[in-house]
Amino acid sequence: METISIVTIITIAFLGSFGHCVGMCGGIVVAYSSTKVKSGWSKQLQALSHLLYSFGRITTYVILGFIFGYVGGVVTFDNLTSGILLLTTGFLMVLIGLSLSGKIKFLTNLEHSVSKSPLYQKTFKSLIGSDSLTSFYLLGMLNGLLPCGFVYVFAITAASTGSPLWGAFVMLIFGLSTIPALFSLGFFVSIFKQTALRNTMIKIASLVVIGFGIYIAYLGYEYIVDPTKTILSCHI
């Protein structure tokens, strides 16, 4: 895609998952790893359960990407609209980078959790108490619906593609890139919650996110000031 580097999406999502995602979703991963995954299960069965949970999250992300991409496609994107959207995305990414580094509390304020809602609590309790493999997948889908600043930014990125398929693809890449951190956390409960590795990942991720945010904002500026610039197109 012209303004979105697939490699950059993978880098930001992968590094950020060891910092932000482990911090935000770690509690849920620890909860289901401690209660749903039985000690007598084989390593293969345990791995399958963790993968199903991640695939559930990714399913929700892909659906969101499809929806946002569709909305971006039906909206008329002239250079001014494209520029404003990219500037907004870049600005949000800079704020997220600063939040990851601990400079501000943007993510904390943005992620007002819906986990206290009666419907969420009832569904979560039902799924966390089930031993079926399907429940891991459904729990992942439920987790994917939780408010998350990281997801919001990539959803905006999906909208900027102007295509449901490319929007879904952006969110698919994002979701796949977060698997290593949460999959590892599921196997080694709490290992990343307070470690030098996690702190290092957070620092690197914050710098990458800020840098990419500035780059995206600059592209938005170019769309606004240059009326001859080609409007967003999608290609790898």
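How many helices and how many strands are there in the protein chain? With the whole predicted model in view, colour by secondary structure: the protein chain has 10 helices and zero strands, and reading along the sequence gives the pattern α-α-α-α-α-α-α-α-α-α. If you then colour by accessibility, 49% of the 236 residues in the protein chain come out as buried. Among contacts with a separation of 6 or more, 84% join residues that are 24 or more positions apart.

**The annotated segments**

Next, select residues 6-30, 51-71, 83-100, 136-159, 165-192 and 204-221, which the unreviewed UniProt entry annotates as "transmembrane region". Keep residues 51-71 highlighted for a moment: this stretch is 100% helix and 0% strand, and its end C-alpha atoms are 30 Å apart.

**The largest nonpolar core**

Now show the side chains of Ile-12, Phe-150, Met-171 and Phe-174, which have the most contacts inside the largest nonpolar core, a set of 26 residues. The elements that give two or more residues to this core are α1 (6-35), α3 (79-100), α7 (149-160), α8 (164-177) and α10 (196-225), and the most come from α7, with six residues.

Centre the view on Phe-174, which, leaving aside neighbours within four places in sequence, is in contact with Ile-9, Ala-13, Tyr-61, Phe-150, Val-151 and Phe-154. Then move to a second, separate core, which has 16 residues and includes Tyr-32, Leu-127, Leu-146 and Leu-182.

**Helix α8**

Select α8 by itself and place a distance between its two ends: its end C-alpha atoms are 20 Å apart, which agrees with the 20 Å that its 14 residues should span at 1.5 Å a residue. The buried positions to pick out in α8 are Gly-167, Ala-168, Val-170, Met-171, Ile-173, Phe-174, Gly-175 and Ser-177.

**Where α2 passes α6**

Select helix α2 (residues 43-74) together with helix α6 (residues 133-144), whose axes come within 7 Å and cross at roughly 35°; the crossing is right-handed. On the α2 side the residues that meet α6 include Leu-45, Leu-48, Leu-52, Phe-55, Gly-56, Arg-57 and Tyr-61, while those of α6 that meet α2 include Leu-133, Phe-136, Tyr-137, Gly-140 and Asn-143.

With α6 alone on display, the same check of length can be made: the 12 residues should span 16 Å at 1.5 Å a residue, and the end C-alpha atoms are 17 Å apart, which agrees. Buried in α6 are Ser-135, Phe-136, Leu-139, Gly-140, Leu-142, Asn-143 and Gly-144.

**Arg-57**

Is Arg-57, in helix α2, buried or exposed? Its relative accessible area is 2%, and since buried means under 20%, Arg-57 counts as buried. Show the residues around Arg-57 and, not counting those up to four places away in sequence, you will find that it touches Gly-140, Met-141, Asn-143, Gly-144, Gly-175, Thr-178, Ile-179 and Leu-182. Of these, Gly-140, Asn-143 and Gly-144 are among the buried residues of α6, Gly-175 is one of the buried residues of α8, and Leu-182 is included in the second core.

**Tyr-218**

For the last stop, go to helix α10 and select Tyr-218, which is partly exposed, with a relative accessible area of 46%. Add Leu-87 to the selection: the C-alpha atoms of Tyr-218 and Leu-87 are separated by 7.4 Å, although the two residues are 131 residues apart along the chain.

Methods: Residues are numbered from 1 along each chain as its sequence is written. This is a predicted model: local features need pLDDT of at least 70, side-chain atom pairs count only at pLDDT 80 or more; totals for chains, interfaces and linings use all residues. Side-chain values use heavy atoms; hydrogens and water are left out. A nonpolar core is a set of buried Ala, Val, Leu, Ile, Met, Phe, Trp, Tyr and Cys residues joined through side-chain atoms within 4.5 Å. Buried means under 20% relative accessible area, exposed over 50%, partly exposed in between (1.4 Å probe, protein chains only). Helices (H or I, at least four residues) and strands (E, at least two) are DSSP runs, numbered from the N terminus. Contact means heavy atoms within 4.5 Å. UniProt positions are given in the numbering used here, feature names are shortened, and annotations may be inferred rather than shown by experiment. The expected span of a helix is 1.5 Å times one less than its number of residues. Axes are lines fitted to C-alpha atoms, for helices over the stretch in contact, and angles run from 0 to 180 degrees between N-to-C directions. A crossing is left-handed if the near helix is turned anticlockwise from the far one by less than a right angle, and right-handed if clockwise.
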